Amino acid sequence: MSNRPTYQSHLRMAESRPTVRPWGKASYLVDGGIAVRAQIGMVVLSSDQTLSYEARAMLDVPGVGLYESRLLDPGNPSQPLTMDLLEGYFDGLGGAIRQINIRRPSDVIALGCTSAAMAIGYGELEQRVQTLTPQARVTDPFTAILSALRALGPARVGFVSPYPQEVAEKMVAKIEAAGHPVPAGIRFHNETGSGRLDAPFIWPASISGAVRQLVNESEVDAVVVACTQMRAAGVLAELERETGKSLISSNQALCWHALRLAGVGDAIYGWGRLFQTEL
C-alpha cells in the first residue's frame with residue numbers, strides 16, 4: 001500500500017493551518033433605510049391569503065417600507081362567521097405588533113380583517129395599538145373604507161362581499177350611519193361552498209361580474225368590495241373606466257389610508273381613482 005499523502009489528507013492539513021489574510025477597512029455612509037419616507041406596519045390574520053400579496057404591490061412606493069406580522073385566526077373553519085366570533089379576532093394583537101419591526105417604530109399600524117375591525121370598533125383598536133406604540137397612527141380596512149367614501153364623496157353606495165347576511169347587514173348599517181346610503185348589495189353565495197372559506201379563491205372575474213350586476217341593476221355612485229381576502233385590487237381601475245363609478249376594496253382602501261396617514265400624498269396609478277385622492 002502506498003504511503004503517499006492522499007488528496008483528503010492534504011485537504012485536512014490545509015484546513016488545520018491557520019489562515020492569515022489581510023483585512024481592509026471600508027468607510028461607509030448611512031441613510032434612512034428602506035423606509036426613509038414612511039414605515040407601515042401591517043397585522044394580517046394567519047388565514048388571510050390575499051392582503052399581503054396586494055399590499056406589497058400597492059405599497060411599492062420609493063421610500064416606503066412595509067413590515068408585516070401575522071396574528072393567529074381564532075376561528076374554527078367549521079364555525080359560522082358571527083359578530084360574536086369576530087369580536088375575538090384581534091385577541092393577542094399586542095404580541096403581533098411587537099413582532100413587526102423591533103429596530104424602528106412604525107409610523108402607521110394597519111390592521112387586516114374588515115369584518116373584525118367593524119365588529120370591535122376603531123376606538124378600541126386604536127387604544128390597543130397605541131398602548132404599545134403611542135406614536136403610531138392606526139387604520140383598519142373598515143375605517144379606511146369610510147375614509148375613502150368621505151374622500152370620494154359618493155351619494156349612493158353599492159356593497160359586495162362574501163359575508164353571511166348578519167355580518168353584511170351590520171356593516172351596511174354602519175356605512176349608512178356614517179352618512180352613505182346603501183340602496184343595494186350582493187353577497188357571494190354557492191350552495192356547495194362557504195363564502196367565508198372560498199373568499200380568497202373567488203376569481204377576480206367573478207368579482208367584476210358582481211360589480212357589473214350591481215351597477216346595471218341599481219342606482220349607485222360607488223361600489224365597495226369588502227373583505228381583505230377578496231382579490232379585487234387588480235380589477236378596480238378597469239371597472240372604473242368601464243362603469244364610470246368609483247370602486248373601493250378593503251385592501252385598496254387600507255393601503256391608501258395608511259399612506260395618507262403616514263404623510264405620503266403621491267398620486268399612484270393603476271389601483272383606482274382613490275390612489276389619486278387626498279384624505
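**Overall fold and the end of helix 11**

Student: In this predicted model, what share of the contacts in the chain with a separation of 6 or more comes from residues 24 or more positions apart?

Tutor: Contact here means heavy atoms within 4.5 Å. Among pairs separated by 6 or more positions, those 24 or more positions apart account for 75%.

Student: How many helices and strands does the chain have, and is it compact or spread out?

Tutor: The secondary structure comes to 12 helices and 8 strands. For 279 residues the globule rule gives 19 Å, whereas the radius of gyration is 24 Å, well over that value, so the chain is more spread out than a compact globule. Along the principal axes, the C-alpha atoms fill a box of roughly 90 × 50 × 40 Å. The answers are therefore 12 helices and 8 strands, and spread out.

Student: What percentage of the residues is buried?

Tutor: A residue is buried under 20% relative accessible area. Of the 279 residues in the chain, the buried ones make up 50%.

Student: How far apart do the centres of the positive and negative side chains lie?

Tutor: The two sets hold 25 positive and 27 negative side chains. Their centres are separated by 12 Å.

Student: Which backbone atoms does the side chain of Thr243 contact?

Tutor: Thr243 belongs to helix 11, which covers residues 236–243. A polar contact requires N or O atoms within 3.5 Å. The Thr243 side chain reaches Leu239 at 2.7 Å, and one of its polar atoms lies 3.1 Å from Lys245. The atoms are the backbone oxygen of Leu239 and the backbone nitrogen of Lys245.

Definitions and conventions. Residues are numbered from 1 along each chain as its sequence is written. This is a predicted model: local features need pLDDT of at least 70, side-chain atom pairs count only at pLDDT 80 or more; totals for chains, interfaces and linings use all residues. Side-chain values use heavy atoms; hydrogens and water are left out. Helices (H or I, at least four residues) and strands (E, at least two) are DSSP runs, numbered from the N terminus. The radius of gyration is taken over C-alpha atoms; the globule rule is 2.2 Å times the number of residues to the power 0.38. Buried means under 20% relative accessible area, exposed over 50%, partly exposed in between (1.4 Å probe, protein chains only). Lys and Arg count as positive and Asp and Glu as negative; His and the chain ends are not counted. The place of a charge is taken as NZ of Lys, CZ of Arg, CG of Asp or CD of Glu. A polar contact is a pair of N or O atoms within 3.5 Å; within protein, one must be able to donate a hydrogen and the other to accept it, and residues adjacent in sequence count only if both atoms are side-chain atoms.
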